[in-house]
Amino acid sequence: MTPVKLLILGGTTEAGALARALVGDDRFAPVLSLAGATRAPVAPPIPWRLGGFGGVAGLAAHLAEQGVALMVDATHPFAARMSAHAVAAAAQAGVPLLVLRRPPWVAVPGDRWQVVAGMAEAAAALGPLPRRVFLTIGQKELAPFQAAPQHDYVIRSVDPPAPATLPPRTRLIAARGPFDAAAEHALLVAEGIEVLVTKNSGGSAVSAKLDAARRLGLPVIMVRRPPAPEAATVATVEAALAWLYGRASARA
Ligand code: NAP
């Protein structure tokens, strides 16, 4: 049987796990696509490609040229542009699309969350008085915090941010998750953090900071997700595999 050509749009823990689950499965010929956003991506265990496709038209052309038969969008919940492109290109090329998206975090008793719609709103929500802020929103959307220069920011990201995007009083920490609760607790205490700002990424790899904030009674400014893509969606790698196995056996 000819293996089913599968394109996985990645950049997440789940995409990596899906790729690992497909190693040695000769029903599929998977390729993992990475944006090239991080400088040293973890080497995937399956064939992979790097960089943008050139918008919807570029992705639709790629699907056709490569004979892709199935596509899984396993990008980050905040990678809204790529997800929208995937929906449009899949429709154009007639390729079935599945979105693999981990559920958002939900506040539990003890959490002191303020939910906001974006980075400008998050910066404003820090308020007029100077505070020590733990900013874990990645390195690309820091510029809105320049409008709140009265705060001291501890910024943690995988790659260093562009200096021109930084607010004036910053301390940078380069680190890639997962992080554990004891270390997060120790970091918040050592840095004298008074408030956290995070995207509602979901998942367990970077959720320990929320447990630590709850234990310390610290407020969290939680940036809500952009609207979900309009496509069939599952929350787990297991469910994505079930979808893939079903599609593969329907073709056999
Ligand atoms: P985005 O704003 O939705 O996408 C910007 C452009 O980057 C897309 O239009 C596409 O370029 C290219 N691109 C994005 N993901 C791609 C992929 N998997 N393969 C090939 N090209 C891709 O995305 P983003 O928020 O910058 O995120 C970039 C990558 O980092 C994604 O893979 C995402 O899963 C990962 N990531 C993002 C976040 C986050 O907070 N946004 C956090 C962790 C990981 P073309 O239009 O040229 O095709």
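**Exercise 1. At roughly what angle do the axes of H5 and helix H6 cross, and within what distance do they come?**

Solution. Keep in mind that you're working with a predicted model here.

Step 1: find the pair. Helix H6 covers residues 208-216, and helix H5 covers 181-190.

Step 2: read off the geometry. The two axes come within 8 Å and cross at roughly 55°.

Step 3: classify. Angles of 65 to 115 degrees would be roughly perpendicular and those under 35 roughly parallel; at roughly 55°, H5 is therefore oblique to H6.

Step 4: add the hand. H5 and H6 make a right-handed crossing.

**Exercise 2. Work out how H1 is placed against helix H7, and then do likewise for H2 and H3.**

Solution. Two numbers describe a packed pair of helices: the angle between the axes and the distance between them.

Step 1: take helix H1 (residues 13-22) and helix H7 (residues 237-251). Their axes cross at roughly 50° and come within 10 Å. That makes the H1 and H7 pair oblique, and H1 passes H7 in a right-handed crossing.

Step 2: move on to helix H2 (residues 55-66) and H3, which pack at about 50° with axes 8 Å apart. H2 and H3 are therefore oblique too. The crossing of H2 past H3 is right-handed.

**Exercise 3. Describe the shell around the ligand, starting with its residues and ending with its polar contacts.**

Solution.

Step 1: count. There are 22 residues around the ligand, and Gly 10, Ser 33, Phe 53, Lys 140 and Lys 199 come nearest.

Step 2: sort by character. The shell splits into 10 polar, 8 nonpolar and 4 charged residues.

Step 3: ask where they come from. Strand E2 (28-34) and helix H3 (80-93) each supply at least two shell residues, and H3 gives the most, with 4. You've already met H3 as the packing partner of H2.

Step 4: look for polar contacts, using a cut-off of 3.5 Å between N or O atoms. A polar backbone atom of Gly 10 sits 2.8 Å from a ligand oxygen. Gly 55 puts a backbone N or O atom 3.1 Å from an oxygen atom of the ligand. Lys 199 uses its side chain instead: a polar atom there lies 2.6 Å from a ligand oxygen.

Step 5: check the cover. On its own the ligand exposes 810 Å², and the protein buries 78% of that.

**Exercise 4. Is the peptide bond from Gly 177 to Pro 178 cis or trans, and where is Pro 178 found?**

Solution.

Step 1: recall the background. Most peptide bonds are trans.

Step 2: check omega. From Gly 177 to Pro 178 omega is near 0°, and the bond is cis.

Step 3: place the residue. Pro 178 is in the loop between strand E9 (170-174) and helix H5, the helix that crosses H6 in Exercise 1.

How values were computed:
Residues are numbered from 1 along each chain as its sequence is written. This is a predicted model: local features need pLDDT of at least 70, side-chain atom pairs count only at pLDDT 80 or more; totals for chains, interfaces and linings use all residues. Side-chain values use heavy atoms; hydrogens and water are left out. A residue is near a molecule or strand if one of its heavy atoms lies within 4 Å of it. A polar contact is a pair of N or O atoms within 3.5 Å; within protein, one must be able to donate a hydrogen and the other to accept it, and residues adjacent in sequence count only if both atoms are side-chain atoms. Accessible areas come from the Shrake-Rupley method with a 1.4 Å probe; for residues, only the protein chains shown count as cover. Ala, Val, Leu, Ile, Met, Phe, Trp, Tyr, Cys and Pro count as nonpolar, Asp, Glu, Lys and Arg as charged, and the others, Gly among them, as polar. Axes are lines fitted to C-alpha atoms, for helices over the stretch in contact, and angles run from 0 to 180 degrees between N-to-C directions. Angles under 35 degrees count as roughly parallel, over 145 as roughly antiparallel, 65 to 115 as roughly perpendicular and the rest as oblique. A crossing is left-handed if the near helix is turned anticlockwise from the far one by less than a right angle, and right-handed if clockwise.
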